[in-house]
Amino acid sequence: MPDSSAPPQDIDHVASVLVACLPALHRGLERQIAKEFPHPRLPEGQLALLFLVEEREGITVRETAEALLMKPNNVSALVSQLTGTGLLERRQDAADKRVAHLHPTAVARERLAEARLLKEAHMVRALRTLTDGDLDALGAALGALTSLPRPLRSPAD
């Protein structure tokens, strides 16, 4: 794992700003979506599960629990709720009947795409308020931001 040569106070400042800014950004997007999304709002855990299953179709409950840093029994409860609402399908593994593979339904795919488009449209509007320098800085930071969650995962979770 690479170590930064940045002074600790710089890293502390970046950490502090990210911890404050990222949840505020997320809440702002969620508020905008809540105003415009014509379907019932799903709880955060269900939504995270659906986005993951869409991204990694056929994922198992155990793999989902690991990826979402949740307990398998909590994921099983979310899966049951989502299958009950017709947003998720549970398909039995051909080789091991105890294992289920998760798949989003067509309705779930449509709603996830709709939510994603709304979020992206709001983010585009927000980004258009920034200077060219700010946009360049954000663009340069995208790689680092997308890799940032990796070191926060621990095998014990």
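1. A polar contact of 3.0 Å links the side chain of Asp 96 to that of Arg 98. Asp 96 sits in the loop that runs between β1 (88–92) and β2. With a relative accessible area of 23%, Asp 96 is partly exposed, because the buried class ends at 20%. Like everything below, this is read from a predicted model.

2. The overall layout comes next. The chain holds six helices and two strands. Read from the N terminus, the order of the elements is α-α-α-α-β-β-α-α. Four helices therefore precede the two strands, and two helices follow them. Along the principal axes, the C-alpha atoms fill a box of roughly 55 × 40 × 20 Å.

3. Of the 157 residues in the chain, 22% are buried. The surface that the chain exposes comes to about 10800 Å², and 59% of that is supplied by carbon and sulfur atoms. As for charge, there are 19 positive and 21 negative side chains. The centres of these two sets are 7 Å apart.

4. Contacts along the chain can be sorted by sequence separation. Taking those between residues at least 6 apart in sequence, 55% join residues at least 24 apart.

5. The largest nonpolar core has 18 residues. Those that touch the most other members are Leu 49, Leu 50, Val 79, Leu 82, Leu 88 and Leu 102. At least two residues of this core come from each of α2 (44–55), α3 (61–68), α4 (72–84) and α5 (106–127). Helix α2 gives the largest share, five residues.

6. Leu 88 deserves a separate look. Which residues is Leu 88 in contact with, leaving aside its neighbours within four places in sequence? They are Leu 49, Leu 50, Val 53, Val 79, Leu 82, Thr 83, Leu 102, His 103, Pro 104 and Thr 105. Leu 49, Leu 50, Val 79, Leu 82 and Leu 102 are also named among the core residues that touch the most other members.

7. Thr 105, one of the contacts of Leu 88, lies in the loop between β2 (100–104) and α5. Is Thr 105 buried or exposed? Its relative accessibility is 11%, so Thr 105 counts as buried, the limit being 20%. A polar atom of the Thr 105 side chain is 2.8 Å from the backbone oxygen of Gly 86. Apart from neighbours within four places in sequence, Thr 105 is in contact with Gly 86, Leu 87, Leu 88 and Glu 89. Gly 86 thus appears both in the 2.8 Å pair and in the contact list of Thr 105.

8. Leu 127 belongs to helix α5. Its relative accessibility of 30% makes Leu 127 partly exposed. Beyond its neighbours within four places in sequence, Leu 127 is in contact with Leu 135 and Leu 138. Leu 127 and Leu 138 are 11 residues apart along the chain, and their C-alpha atoms are separated by 9.6 Å.

9. A point on backbone geometry concerns Leu 69. Although Leu 69 is not a glycine, its phi is positive, at about 55°. Where is Leu 69 placed? It is in the loop between α3 and α4. Leu 69 counts as partly exposed because its relative accessibility is 41%, which falls between the limits of 20% and 50%.

Technical notes
Residues numbered from 1 in each chain as written. Predicted model: local features only at pLDDT ≥ 70, side-chain atom pairs only at ≥ 80, totals over all residues. Heavy atoms only, no water. Buried < 20%, exposed > 50% of the residue type's maximum accessible area, 1.4 Å probe, protein only. Contact = heavy atoms within 4.5 Å. Areas by Shrake-Rupley, 256 points an atom, 1.4 Å probe, with all protein chains shown as cover. Lys, Arg positive; Asp, Glu negative; His and termini not counted. Charge placed at Lys NZ, Arg CZ, Asp CG, Glu CD. Core = buried A, V, L, I, M, F, W, Y, C linked by side-chain atoms within 4.5 Å. Polar contact = N/O pair within 3.5 Å; in protein donor to acceptor, adjacent residues only side chain to side chain.
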